[in-house]
Amino acid sequence: MDFLNEFSIPVIVGICLCIGFVLKNLVTTEKINKFIPLIVAVLGIVINVWLNAWTITPDILLAGMFSGLASTGMHQMFKQFINKTE
């Protein structure tokens, strides 16, 4: 799994983390929660394709998806850290 670290793009992780956080807190129904990983994965792809001058390669797709999905993992990590300190 270490080889996937090279596909993490901090800008995409940050944007997807913020968008996912807003979605989770703006839409209060449980139905949206199961779609947040899909939304941030697709958003990560779109942002990475945009950052790479609208070029689509397997590496760009993987980096976008990985960065988007990493944002959901980061959200869960922060959530557990905050709940542990309370």
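Me: Why does F35 count as partly exposed?
Reply: This is a predicted model, and the value is computed from it. F35 has 41% relative accessibility. Buried would need under 20%, and exposed would need over 50%. The 41% of F35 lies in between, so F35 is called partly exposed.

Me: Where is the place of F35?
Reply: F35 sits in the loop between α1 and α2, and α2 covers residues 36-51. Its C-alpha is 9.9 Å from that of G20, with their places 15 residues apart in sequence.

Me: What makes V27 count as partly exposed?
Reply: The relative accessibility of V27 is 30%. That is neither under 20% nor over 50%, so V27 counts as partly exposed. V27 also lies in the loop between α1 and α2.

Me: Which residues does V27 touch, not counting those up to four places away in sequence?
Reply: V27 touches V22 and I32. As for L69, the C-alpha atoms of V27 and L69 are 19 Å apart, and the two are 42 residues apart in sequence.

Me: How many helices and strands does the protein chain have?
Reply: The chain has three helices and zero strands. Along the sequence the pattern reads α-α-α. The C-alpha trace spans about 45 × 30 × 20 Å along its principal axes.

Me: How do you know that the span of α1 agrees with its number of residues?
Reply: Helix α1 runs over residues 10-26, which is 17 residues. At 1.5 Å a residue, the expected span is 24 Å. The end C-alpha atoms of α1 are 24 Å apart, so the two values agree.

Me: What about the span of α2?
Reply: α2 has 16 residues, so at 1.5 Å a residue it should span 22 Å. Its end C-alpha atoms are 22 Å apart, which agrees. After α2 comes A53, with a positive phi near 55°.

Me: Which residues of α1 are buried?
Reply: They are I12, V13, C16, L17, G20 and L23. They cover an arc of only 135° around the axis, so they lie on the same side of α1. Turned away from that buried side is a face with the exposed residues P10, V11 and L26.

Me: Which residues of α2 are buried?
Reply: The buried set of α2 is I36, V40, A41, G44, I47, N48 and V49. Over the whole chain of 86 residues, 27% count as buried.

Me: What makes up the largest nonpolar core?
Reply: It has seven residues: I12, C16, L23, I32, I36, V40 and I47. Each of α1 and α2 supplies at least two residues of this core. To be called a nonpolar core, such buried residues must be joined through side-chain atoms within 4.5 Å.

Me: Which residues are in contact with V40, leaving aside its neighbours within four places in sequence?
Reply: V40 is in contact with C16, G20, G68, S71 and T72.

Me: How do the axes of α1 and α2 cross?
Reply: They come within 10 Å and cross at roughly 145°. The crossing of α1 past α2 is right-handed.

Me: Which residues meet where α1 faces α2?
Reply: From α1 come I12, I15, C16, I19, G20, L23 and K24. From α2 come I36, I39, V40, L43, G44, I47, N48 and L51.

Me: What share of the contacts with a separation of 6 or more comes from residues 24 or more positions apart?
Reply: Such residues account for 68% of those contacts in the protein chain.

Key:
Residues are numbered from 1 along each chain as its sequence is written. This is a predicted model: local features need pLDDT of at least 70, side-chain atom pairs count only at pLDDT 80 or more; totals for chains, interfaces and linings use all residues. Side-chain values use heavy atoms; hydrogens and water are left out. Helices (H or I, at least four residues) and strands (E, at least two) are DSSP runs, numbered from the N terminus. The expected span of a helix is 1.5 Å times one less than its number of residues. Buried means under 20% relative accessible area, exposed over 50%, partly exposed in between (1.4 Å probe, protein chains only). The arc is that of the directions from the helix axis to the C-beta atoms. Contact means heavy atoms within 4.5 Å. Axes are lines fitted to C-alpha atoms, for helices over the stretch in contact, and angles run from 0 to 180 degrees between N-to-C directions. A crossing is left-handed if the near helix is turned anticlockwise from the far one by less than a right angle, and right-handed if clockwise.
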